[in-house]
Amino acid sequence: MNALAPQLVGDVSTIAELIFYLFLFVYVIFSTVLVYHWKSYATNAHSSALTLITYFVSTLLLLAVAALALLQM
């Protein structure tokens with residue numbers, strides 16, 4: 001039974017990494033669409049810039065935490 005433990009950990013790590021990359025791909029697509037629409041339809045340049053900066057700072061911090069957690073696996 002101990003011989004299966006390293007294989008299970010390797011599989012969980014691989015699955016977690018694939019999920020992270022899938023999430024990263026969706027994040028990039030969503031962010032690109034969001035920026036395009038926000039810049040196209042925004043009425044106030046200052047508030048839209050502030051909103052986009054807040055969005056990217058907060059989400060990139062969350063992605064960094066997720067990547068660091070993945071590296072610890």
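**Exercise 1. In which helix is Ala66 found, and is this residue buried or exposed, or something in between?**

Solution. The structure is a predicted model, and Ala66 is placed in helix α2. For the second part, recall that buried means under 20% relative accessible area and exposed means over 50%, with partly exposed in between. Because the relative accessible area of Ala66 is 33%, Ala66 counts as partly exposed. A further step concerns what Ala66 faces: its C-alpha atom is separated by 7.8 Å from that of Phe20, although the two residues are 46 residues apart along the chain.

**Exercise 2. Describe the overall fold elements, and check whether the span of helix α2 agrees with its number of residues.**

Solution. Begin with the elements: the protein has two helices and zero strands. Helix α1 covers residues 4–41, and helix α2 covers residues 45–71. Next, take the 27 residues of α2; at 1.5 Å a residue, with the expected span taken as 1.5 Å times one less than the number of residues, the helix should span 39 Å. The end C-alpha atoms of α2 are 38 Å apart, which agrees with that expectation. Finally, look at the N-terminal end of α2, which is capped by Asn44, whose side-chain oxygen lies 3.2 Å from the backbone nitrogen of His46.

**Exercise 3. Identify the residues of the largest nonpolar core and state which helix gives the largest share.**

Solution. The core consists of five residues, namely Phe20, Tyr27, Tyr55, Leu63 and Leu70. The elements that give two or more residues to this core are α1 and α2, and the largest share, three residues, comes from α2. Now set this beside the buried residues of α2, which are Ser48, Leu52, Tyr55, Thr59, Leu63 and Leu70. Over the whole protein, 12% of the 73 residues count as buried.

**Exercise 4. Which polar contact does the side chain of Ser31 make, and which backbone oxygen lies 2.7 Å from a polar atom of the Thr59 side chain?**

Solution. Start from Ser31, which has its place in helix α1 and is buried, since its relative accessible area is 5%. The side chain of Ser31 makes a polar contact of 2.9 Å with the side chain of Tyr55. Then move to Thr59 in helix α2, which is also buried because its relative accessible area is 17%. The backbone oxygen in question belongs to Tyr55.

**Exercise 5. Which residues form a nonpolar patch on the surface, and how does Ile29 count in terms of accessibility?**

Solution. The patch is formed by Leu22, Phe25, Val26, Ile29 and Val33, which together have about 480 Å² of accessible area. Among them, Ile29 lies in helix α1 and counts as partly exposed, because its relative accessibility is 44%. For the protein as a whole, the accessible surface comes to about 6000 Å², and 77% of that surface belongs to carbon and sulfur atoms.

Methods. Residues are numbered from 1 along each chain as its sequence is written. This is a predicted model: local features need pLDDT of at least 70, side-chain atom pairs count only at pLDDT 80 or more; totals for chains, interfaces and linings use all residues. Side-chain values use heavy atoms; hydrogens and water are left out. Patches are made of residues with over 30% relative accessible area and no salt bridge: like charges are joined within 9 Å, nonpolar side chains (Val, Leu, Ile, Met, Phe, Trp, Tyr) within 5 Å. Accessible areas come from the Shrake-Rupley method with a 1.4 Å probe; for residues, only the protein chains shown count as cover. A salt bridge is a side-chain nitrogen of Lys or Arg within 4 Å of a carboxyl oxygen of Asp or Glu. Helices (H or I, at least four residues) and strands (E, at least two) are DSSP runs, numbered from the N terminus. Buried means under 20% relative accessible area, exposed over 50%, partly exposed in between (1.4 Å probe, protein chains only). A polar contact is a pair of N or O atoms within 3.5 Å; within protein, one must be able to donate a hydrogen and the other to accept it, and residues adjacent in sequence count only if both atoms are side-chain atoms. A nonpolar core is a set of buried Ala, Val, Leu, Ile, Met, Phe, Trp, Tyr and Cys residues joined through side-chain atoms within 4.5 Å.
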